[in-house]
Amino acid sequence: MRVYKFGGSSIGSASRIRHVAGIVREACGETRLVVVVSAIQKVTDMLAETATLAGRGELSYQDRLGEIASLHRAIVHELFGQGGQEDAESWLGSMMSELEDVVHGVFLLRELSDKSLALVLSYGERLSAWIVGSYFVQAGIPAEVVDAREVIVTDNNHGYAKVDMHATDRLVRERVRVNEVVPVVTGFISSAPDGSVTNLGRGGSDYTATILGAALHATEVWIWTDVDGFFSADPKRVPDARVLPEISYAEALELSHAGAKVLHPLAVQPAMKAGIPVLIRNTFNPDAPGTRIGQLTADESSLPRPVTGLTSINRVVLFNLAGSGMAGVPGTASRLFTCLARHSINIIFISQASSEQSISLAIAPGQASMAKKVLEEEFTREIEDRRIEPLHVRRNLAMVAVVGNKMSGHPGVSAQLFETLGKNGINVIAVAQGANEMNISLVIDNSDEDKALNCIHESFFLSRRKVHVFIVGTGTIAKSLISQISAHRATLQQEKDLDVMVCGLANTRSMALDREGVDLGQWHEAMKPRTGQDGIAEYIRLIREMNLHNTIVVDCTASTKVAEIYPGLLQSNISVATANKLGMAGSWELYRRITDACRKSNAKFLYETNVGAGLPIINTLNDLRNSGDKIICIEGVLSGTLSFIFNELRKGGRFSEVVRNAKAAGYTEPDPRDDLSGADFARKLLILGRELGYQLDYADVECESLVPESCRGEMSPGEFLDRLAGVDDWYAEEIRKASADGMTLAFTGELKEGKARVGLKRVPLKSPVAGLNGTENLVVFTTDRYLKTPLVVKGPGAGGEVTAGGVFADILRIAGYLV
């Protein structure tokens, strides 16, 4: 024998009731059946609103009653043919008239007691059970309606009543016939010993089903709802959440108590005590296997999954009772909990310090005001005597619970959990874990709830790892980066189980934002004109508001304003990957702000492309230093642009034409004078000097400019290139003279003993510098370990594709750290 419970969404319309009848008819061919129904979708809320309006003396309650009547009348009209429609409408009219009398009494008294509210709410299930049961009969399914008030006995607490299991079991076995007909039982409602209506609390129809199942020794209880089962997290908040095929009674109990809405928290207990499996099934997808809740077998319980699922309660209020007068004083906790129990205030979360000087507890917002009042009254004397501090109350919080049978005895779960939250800048306000180690509950700001759920879910390998990338700038480097991410994204998903999602793009005129990821094939069309005038600040504000986990801001600009936001991003635990040199080569003050923010943040800041585009120069330098090697000298060519220019001059090119070609190829900055001035090269050498610990500013770098006097001052890049032809002959002559001496010209840099210099230099034709091709860079590290044979890093040092590849590599390094 089985018990089937259908929720309000499952019977929310006439077509859905017909569908339910089909499910029941099919099941009747296999086994005996008891059906439990909730009120029709939204009716319980409508009844509660009606009663509240009446209690306030507002005549608009009549409109709500009319809406309730119309909803049921429409279903009755569609379900029943001419023969049964008249009787159904007559019965419905009688019930609605009775309900109207009850609510009118509340209106006249201007008082809505718990007892009256329970009576009003009971009409939802009484109406739905009669309609469903009557339709079953019309559809050829023998059925009778059973009012649960006649079989489920509770105490006198009219809302969230406590069930008298002994009396209930006896009445259920006496009055619920399962051999001849299908009993259609009202869920949710019950009665006190005096016959007054009580209820089992919102969602209590699940509880009704398992109470009946236990009393009738059912083989299974099936909870039919509108989801495919218990998920590893709320799929509305964690898109990658998946259905759990099987969980234990204890796990279901923990998840339900901690906020999972699939099952009423108390519904597990009767089934667990009787050893009856509970199945969660989807009415609208009946072929889906759903979730089985029961006693896991040895094979199933040995699965290597320390975390089964996550759940959360979106709004809680945290109370903290603290004071030195609590330490070593027996009975303080007892007084606290007894006081709240006396006023029927439910505690969601409890945490106590081992010093006994503080107790934290979380309560639903609706009970917070009453809890504050009664606790302050209870501890008035201690507060006045300053033995206990005034009660501290924090609102706008959420509770997240991490649940799993195998967390017990599995080292590192807590460490992994808190590391994951820390990397994403999520502050844990309070934490609690039971001795069974099955549940770790955390209280956090509710603005961080979705972020916490997603990053925890990924951390425990319950879903594909994601990083959310926000790109600043849409120039050459950014376009190449977008193309590379688009081309390689599927490979990363398949081979690395990593999804790099570009969720934002912005330039000075427009931006695109999409938390589900911008379509990189259509990103130009996604860009919309900016609405504000705050520039980069507006973009960053919107990124913070999205508050996505594993966020990386990627700077593909050459903007000082963008570089100045790095410290704030890092302080917000947002990682940064940048191709923009103006942060690490900016003012000493900005450099220190960035490095200080890095030290204090859990975010990462990577800037490998600042010096050698895609070459591993900064990583190599840091590896040498971190492993204890002493750097004696760094020298070489650190400008792909200038390397290209002098490589072409050696082939006989004219200086001005070579510079034009370099600009056309995208090797130079928008204004080539930034490269020819040596400024870009000098910034790179400055960055390396700072990496070595030298306190250098840009002015400390000795820099020889290649911009002729006649080409300096205010002029457009086009005009500059036209004037540049005036030095063509000079360069040609210098190259000829050097060649006659077995030398050539190169623009090189050197960093030694805290001094940095970049400039034009003669080098032997046999030197590695003279052998460079195209935009190749060359960096020579002379160290204690690499003294006789210096360490050389050589390769392309300019170009959008190469630089974008370096930025992409930094993104993946950050992703490896974050996830």
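1. Where is serine 447 found, in a helix or in a loop? Serine 447 sits in the loop that runs between β16 (439-445) and α15 (449-459). Keep in mind as you look around that this is a predicted model. Serine 447 counts as exposed because its relative accessibility is 52%, and exposed means over 50%. In sequence, serine 447 and alanine 398 are 49 residues apart, yet their C-alpha atoms are 8.2 Å apart in space.

2. Now try another loop residue, phenylalanine 284. Its loop joins β9 (278-282) to β10 (291-294). With a relative accessibility of 39%, phenylalanine 284 is partly exposed. If you set aside neighbours within four places in sequence, phenylalanine 284 is in contact with Ser9, Ser10, Arg16, Thr225 and Asp226. One of these, aspartate 226, is 58 residues away along the chain, while the two C-alpha atoms are separated by 6.5 Å.

3. Two residues are worth a look for their backbone angles. Phenylalanine 188 has a phi near 75°, which is a positive value in a residue other than glycine. Arginine 386 also shows a positive phi without being glycine, in this case near 60°. Phenylalanine 188 belongs to the loop between β4 (182-186) and β5 (189-191), and arginine 386 to the loop between α13 (380-384) and β14 (392-403). Their surroundings contrast: phenylalanine 188 is buried, at a relative accessible area of 4%, whereas arginine 386 is exposed, at 76% relative accessibility.

4. Next come the salt bridges. Side chains of opposite charge can pair when their charged atoms come close. Over the whole structure, a search finds 45 salt bridges. One of them joins the side chains of aspartate 206 and lysine 5, with an N to O distance of 2.9 Å. This pair ties together distant parts of the chain, since aspartate 206 is in helix α7 (residues 205-215) and lysine 5 is in strand β1 (residues 2-6), 201 residues apart. Are these two partners buried or exposed? Aspartate 206 is buried, with a relative accessible area of 4%, and lysine 5 is buried too, at 8% relative accessibility.

5. A second salt bridge connects two helices. The side chains of glutamate 98 and arginine 126 meet at 3.0 Å, N to O. Glutamate 98 is in helix α4 (residues 82-109) and arginine 126 is in helix α5 (residues 114-138), so the pair links distant parts of the chain, 28 residues apart. Here the partners differ in their surroundings: glutamate 98 is partly exposed at 35% relative accessibility, while arginine 126 is buried, with a relative accessible area of 11%.

6. For a third example, look at glutamate 709 and arginine 712. They form a salt bridge whose closest N and O atoms are 3.1 Å apart. Glutamate 709 counts as exposed, at 63% relative accessibility, and arginine 712 as partly exposed, at 40%. Elsewhere, Arg335, Arg342, Glu378 and Glu382 are joined into one network by salt bridges that share partners.

7. How many residues does helix α21 have? Helix α21 (residues 588-600) has 13 residues, and from its first C-alpha to its last it reaches 18 Å, close to the 18 Å expected at 1.5 Å a residue. Its buried residues are Trp588, Leu590, Tyr591, Ile594, Thr595 and Ala597. An α-helix has 3.6 residues a turn, so residues three or four places apart point the same way. Among the elements that cover the buried residues of α21 are α19, α20 (566-571), β23 (605-606) and α27.

8. Two of those elements turn up again at a pocket. The second largest pocket holds about 1100 Å³ of space. Its lining has 48 residues, and the closest to the pocket centre are Ile477, Cys556, Thr557, Ala558 and Glu669. Elements giving two or more residues to the lining include α16 (476-496), α19 (560-563), α24 (640-650), α27 (679-691) and α30 (800-818). By type, the lining divides into 15 nonpolar, 20 polar and 13 charged residues.

9. Finally, pick out serine 643 in helix α24. Serine 643 is buried, with a relative accessible area of 4%. Not counting residues up to four places away in sequence, serine 643 touches Val637, Leu772, Gly774, Thr775 and Glu776.

How values were computed. Residues numbered from 1 in each chain as written. Predicted model: local features only at pLDDT ≥ 70, side-chain atom pairs only at ≥ 80, totals over all residues. Heavy atoms only, no water. 1 Å grid on protein atoms, 1.4 Å probe; cavity = no way out; pocket = protein on both sides within 12 Å on 5 of 7 lines; lining within 4 Å. Points joined across faces, edges and corners; volume = space filled by probe spheres on them. Helix = DSSP H or I, 4+ residues; strand = E, 2+ residues; numbered from the N terminus. Nonpolar A, V, L, I, M, F, W, Y, C, P; charged D, E, K, R; others polar. Buried < 20%, exposed > 50% of the residue type's maximum accessible area, 1.4 Å probe, protein only. Contact = heavy atoms within 4.5 Å. Expected span 1.5 Å × (residues − 1). Salt bridge = Lys/Arg side-chain N within 4 Å of Asp/Glu carboxyl O.
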